[in-house]
Amino acid sequence: MSFVRTKCSDETVQLGERLGRLLAPGDFIALTGELGAGKTQFAKGIARGLEVDPETPVTSPTYTILNIYEGRLHLYHFDLYRLEGAHDVDALGFEEYFSGDGACVVEWAERLDGEMPDDVLTVTLSHEGEEERSVSFEGSGPRSQAIVRALSAGERD
């Protein structure tokens with residue numbers, strides 16, 4: 001597990017951008033944290049790192065549940081806040097995206113009740129003040145653990 005502290009929204013976006021540059025098809029990012037912790041700002045950074053057109057607004061898909069962005073690979077951005085649990089995701093058929101040709105970023109991933117791929121990078125954002133955030137990274141498999149190591153190595157550069 002790795003921890004980073006950001007001092008403002010821009011730093012949270014920049015940290016997401018660093019992660020986005022490392023992502024490959026099939027990567028699954030579970031974003032967790034309380035309401036307003038910065039999950040959507042972090043997702044905006046991931047979109048930047050995936051080279052999504054900077055003119056494309058990256059917003060939380062709270063009501064649409066899924067936004068798809070075109071970059072160097074597809075970004076499947078989910079927001080599961082309004083869902084009751086994994087059975088809702090099953091009913092909507094979203095699991096086909098979870099290991100597809102793009103990277104999945106899932107806000108409120110804890111609502112999947114464990115119905116995630118085996119190899120998941122869990123990013124937890126927490127309030128540490130008005131603008132400051134604590135961001136932790138934990139990989140559950142070889143690919144996600146390699147991403148955590150790469151992010152940690154970048155911190156020392």
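## Order of elements

Starting at the N terminus, the elements of this predicted model follow the order β-α-β-α-β-β-α-β-β-β-α. That makes 4 helices and 7 strands (DSSP runs numbered from the N terminus: H or I of at least four residues for helices, E of at least two for strands). The radius of gyration, taken over C-alpha atoms, is 14 Å, close to the 15 Å that the globule rule gives for 157 residues, so the protein is as compact as a globular protein of that length. The rule is 2.2 Å times the number of residues to the power 0.38.

A few working notes: residues are numbered from 1 along each chain as its sequence is written, and side-chain values use heavy atoms, without hydrogens and water. Local features need pLDDT of at least 70 and side-chain atom pairs 80 or more, while totals for chains, interfaces and linings use all residues.

## A shared salt-bridge network

Let's turn to the charges. The whole structure holds 4 salt bridges (a side-chain nitrogen of Lys or Arg within 4 Å of a carboxyl oxygen of Asp or Glu). E17 pairs with R21 at 3.6 Å, N to O; these two are 4 residues apart in helix 1, about one helical turn. E17 also meets R48 at 3.8 Å, which ties helix 1 to helix 2 (residues 39–49) across 31 residues. Shared partners thus join E17, R21 and R48 into one network.

## A bridge to helix 4

R143 and D27 form another salt bridge, with the closest N and O atoms 2.9 Å apart. R143 sits in helix 4 (residues 142–156), whereas D27 lies in the loop between helix 1 and strand 2, 116 residues apart.
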